[in-house]
Amino acid sequence: MMREFELDLHSEFLRADLFLNMGQPAEAARILQGVVDAEPGNQAALELLARAYYSSAQLSRAEEALSKLVVLAPANGWARRALARTLERLSRADEAAVHHRMADALGAS
């Protein structure tokens, strides 16, 4: 049986996904931060949070979320590529290159 709190976190995740898909990434990020705070190891929530931050040009926060995701899932090619692109937008091409090479090795597009 699922506890009420878990159901609420799942509902919040779905609500944030809806906001992101509706073009409201800042609102999605606000919702997702609570989900990630409650479940810091939740890779799906971290990925969606990173997407929301990136889409709303909160690049330092996107970098932070993506860095955590890469630590949790080092073979996640999408996370590596997204981190590389975020670092590029932050004018940190040398750091980005490392993650691009890893993403290439992992077969990420």
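This passage describes a helix, a pocket and a buried arginine in a predicted model. Local features need pLDDT of at least 70 and side-chain atom pairs count only at pLDDT 80 or more, while totals for chains, interfaces and linings use all residues. Residues are numbered from 1 along each chain as its sequence is written, and side-chain values use heavy atoms, with hydrogens and water left out.

Helices are DSSP runs (H or I, at least four residues), numbered from the N terminus. Helix α4 comprises 14 residues, 59-72, and its end C-alpha atoms are 20 Å apart, which agrees with the 20 Å expected at 1.5 Å a residue; the expected span is 1.5 Å times one less than the number of residues. Among the buried residues of α4 (under 20% relative accessible area, 1.4 Å probe, protein chains only) are Leu 59, Ala 62, Leu 66 and Val 70. An α-helix has 3.6 residues a turn, so residues three or four places apart point the same way. The cover over the buried residues of α4 includes α3 (43-55) and α5 (77-89).

The residues lining the largest pocket include Leu 66, Trp 78, Arg 81 and Ser 109. Elements giving two or more residues to this lining are α3 and α5, with the largest share, five residues, coming from α5. Lining residues have an atom within 4 Å of a point on a 1 Å grid; the points of a pocket form an open set with protein on both sides within 12 Å along at least five of seven lines.

Arg 81 lies in α5 and is buried, with a relative accessible area of 9%. Beyond its neighbours within four places in sequence, Arg 81 is in contact (heavy atoms within 4.5 Å) with His 100, Ala 103, Asp 104, Ala 108 and Ser 109.

Note on methods. Buried < 20%, exposed > 50% of the residue type's maximum accessible area, 1.4 Å probe, protein only. 1 Å grid on protein atoms, 1.4 Å probe; cavity = no way out; pocket = protein on both sides within 12 Å on 5 of 7 lines; lining within 4 Å.
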